[in-house]
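Work through the exercises below with the model open. Try each task before reading its solution.

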Amino acid sequence: MAEIGKGVTAGKLALNVQKRLSRAQEKVLQKLGKADETRDTAFEELVANFNKQMTEGSKVQRDLKAYLAAVKAMHDASRRLQDCLADMYEPDWFGKEEMDALVEDTDTLWLGYHQNLTDKTLVCMDTYLVQFPEIKARIAKRERKLVDFDSARHHFASLQKGKKKDEAKIAKAEEELGRAQKIFEELNVELQDELPVLWDSRVGVYVGTFQSLAGQQERFHKEMSKLSQNLNDVMTKLEEQRQLKKDATAATKKGDGAQSEEANHSESTSPAPKSSVTNGSDAELPPGFLYKVKAVHEYTATDNDELELKVGDAVLVLAFDNPDEQDDGWLLGVKESHWFQKKDISAKGVFPENFTQKV
């Protein structure tokens with residue numbers, strides 16, 4: 001024989017079974033039309049509203065959770081894409097540090113957006129819906145107590161109508177009827193007070209929930225717009241950097257080609273000189289003069305021994321006193337205008353060869 005659970009006596013278990021049987025019998029009699037059923041259309045309308053309210057609220061809660069899942073998926077996708085960009089962004093590209101900061105700021109913004117939606121929007125709906133199961137259970141209990149009340153009422157009436165009246169049974173039935181009526185009415189009054197208040201509260205809950213959602217969306221998209229603009233600015237600067245390097249490379253190639261063409265032309269039209277360096281006997285040219293070049297790009301000197309150039313400047317190229325001091329791609333010279341005015345080479349300096357063109 002199965003043991004009876006702790007705290008549940010055999011008598012109480014038997015009483016619960018008897019109540020269920022009595023309720024089932026009462027419901028059958030009511031459906032067959034052999035017993036009248038107490039109806040309350042006003043309360044039935046409250047219950048219909050409650051069920052509608054619970055269904056709609058649950059749907060909003062499910063859709064909010066689905067929205068949050070989509071935000072989480074978008075965050076994950078954004079993070080992977082941003083990480084990919086950061087990984088392939090080379091250290092010498094423009095804005096490397098700015099790019100790394102953008103990646104972190106974007107990730108932080110997504111995290112905050114998801115957390116705020118959870119804490120300030122979804123929690124609002126969760127708190128609202130948590131009360132429904134308890135109220136639903138009380139509505140079901142009211143229905144059971146209404147059946148108990150109808151059953152007690154019918155039992156009391158049948159004893160009163162009986163040919164052989166047993167006053168003791170009638171008194172006991174009347175007592176049970178009073179007890180069943182009291183329990184039912186207490187539940188009924190509580191629910192009739194609470195359900196209309198709960199029904200009216202739905203508007204305020206929806207307003208708070210969707211105002212919170214709209215506010216979080218507005219703040220998120222505003223901040224994301226700033227980060228997107230910053231990313232666009234970095235990409236624009238990177239393209240400008242690429243174009244400048246491309247132009248500089250093209251200018252270098254053009255200068256090298258012109259020098260090569262000049263050298264070939266000189267070799268074909270004149271005998272090769274014993275030395276390209278003059279001995280200074282020509283008073284119009286500085287000692288160590290080799291040839292003349294013209295600046296095709298502006299160059300700003302960054303050191304004391306460098307020669308600053310402006311586009312169009314004519315420069316007299318000189319031989320280094322010590323050839324070992326000459327770096328690849330660099331020439332030594334003095335501006336032609338300075339030499340003819342002062343006949344002084346103290347203002348000589350080095351400059352990049354690819355910023356000039358031989359003339």
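**Exercise 1. Place Glu 308 and describe its surroundings.**

Solution.
- Start with the location. Glu 308 lies in the loop between strand S1 (289-295) and strand S2 (314-318). The coordinates belong to a predicted model.
- Next, classify the exposure. The relative accessible area of Glu 308 is 39%. Buried needs under 20% and exposed needs over 50%. Glu 308 is therefore partly exposed.
- Then list the contacts. Setting aside residues up to four places away in sequence, Glu 308 touches Tyr 299, Thr 300, Ala 301, Asp 313 and Lys 335.
- Finish with a backbone distance. Glu 298 and Glu 308 are 10 residues apart in sequence, and their C-alpha atoms are 8.0 Å apart.

**Exercise 2. Write out the order of helices and strands, then say how the contacts are spread along the chain.**

Solution.
- Count the elements. There are six helices and five strands.
- Read them in order along the sequence: α-α-α-α-α-β-β-β-α-β-β.
- Turn to contacts with a separation of 6 or more. Residues 24 or more positions apart account for 70% of them.
- Add the surface. Of the 359 residues, 30% count as buried. The protein exposes about 23500 Å², and carbon and sulfur atoms supply 54% of that area.

**Exercise 3. Is Gln 61 buried or exposed, and which side chain makes a polar contact with it?**

Solution.
- Locate the residue. Gln 61 sits in helix H2 (residues 41-88).
- Check the accessibility. The value is 17%, so Gln 61 is buried.
- Find the neighbours. Beyond four places in sequence, Gln 61 touches Leu 122, Met 125, Asp 126 and Leu 129.
- Pick out the polar partner. The side chains of Gln 61 and Asp 126 are joined by a polar contact of 2.6 Å.

**Exercise 4. Characterise Ser 78 in the same way.**

Solution.
- Ser 78 is found in helix H2.
- Its relative accessibility is 16%, so Ser 78 counts as buried.
- With neighbours within four places left aside, Ser 78 is in contact with Thr 106 and Trp 110.

**Exercise 5. Which residues of the largest nonpolar core touch the most other members, and which helices supply the core?**

Solution.
- Begin with the general expectation. In soluble globular proteins, nonpolar side chains tend to be buried together.
- Take the largest core, with 34 residues. Phe 50, Met 125, Phe 132, Ile 135, Ile 139 and Leu 195 touch the most other members.
- Trace the sources. H2, helix H3 (96-129), helix H4 (132-161) and helix H5 (167-269) each supply at least two residues of this core.
- Look for another core. A second, separate one has 10 residues, including Ala 152, Leu 159, Ala 173 and Phe 184.
- Zoom in on Phe 132. Outside four places in sequence, Phe 132 is in contact with Phe 50, Gln 53, Met 54 and Leu 198.

**Exercise 6. Compare the coiled-coil annotation with the modelled chain.**

Solution.
- Consult the record. An unreviewed UniProt entry lists residues 156-190 as "coiled-coil region".
- Read the model over residues 156-190. The chain is 86% helix and 0% strand.
- Take the end-to-end distance. The end C-alpha atoms of this stretch are 26 Å apart.
- Now examine Arg 153, which is found in helix H4. Its relative accessible area is 23%, so Arg 153 is partly exposed.
- Pair Arg 153 with Glu 174. They are 21 residues apart along the chain, and 8.2 Å separates their C-alpha atoms.

**Exercise 7. How many disulfides does the structure hold, and how accessible are Cys 84 and Cys 124?**

Solution.
- The disulfide count is zero.
- Cys 84 has 44% relative accessibility, so Cys 84 counts as partly exposed.
- Cys 124 has a relative accessible area of 28%, so Cys 124 is partly exposed.

**Exercise 8. Explain what stands out in the backbone of Lys 343.**

Solution.
- Recall the background. Most residues other than glycine have a negative phi.
- Read the angle. Phi of Lys 343 is near 50°, a positive value.
- Locate the residue. Lys 343 is in the loop between helix H6 (336-342) and strand S4 (349-352).
- Close with accessibility. At 38%, Lys 343 counts as partly exposed.

Note on methods. Residues numbered from 1 in each chain as written. Predicted model: local features only at pLDDT ≥ 70, side-chain atom pairs only at ≥ 80, totals over all residues. Heavy atoms only, no water. Helix = DSSP H or I, 4+ residues; strand = E, 2+ residues; numbered from the N terminus. Buried < 20%, exposed > 50% of the residue type's maximum accessible area, 1.4 Å probe, protein only. Contact = heavy atoms within 4.5 Å. Areas by Shrake-Rupley, 256 points an atom, 1.4 Å probe, with all protein chains shown as cover. Polar contact = N/O pair within 3.5 Å; in protein donor to acceptor, adjacent residues only side chain to side chain. UniProt positions renumbered as here; feature names shortened; annotations may be inferred. Disulfide = S-S within 2.5 Å. Core = buried A, V, L, I, M, F, W, Y, C linked by side-chain atoms within 4.5 Å.
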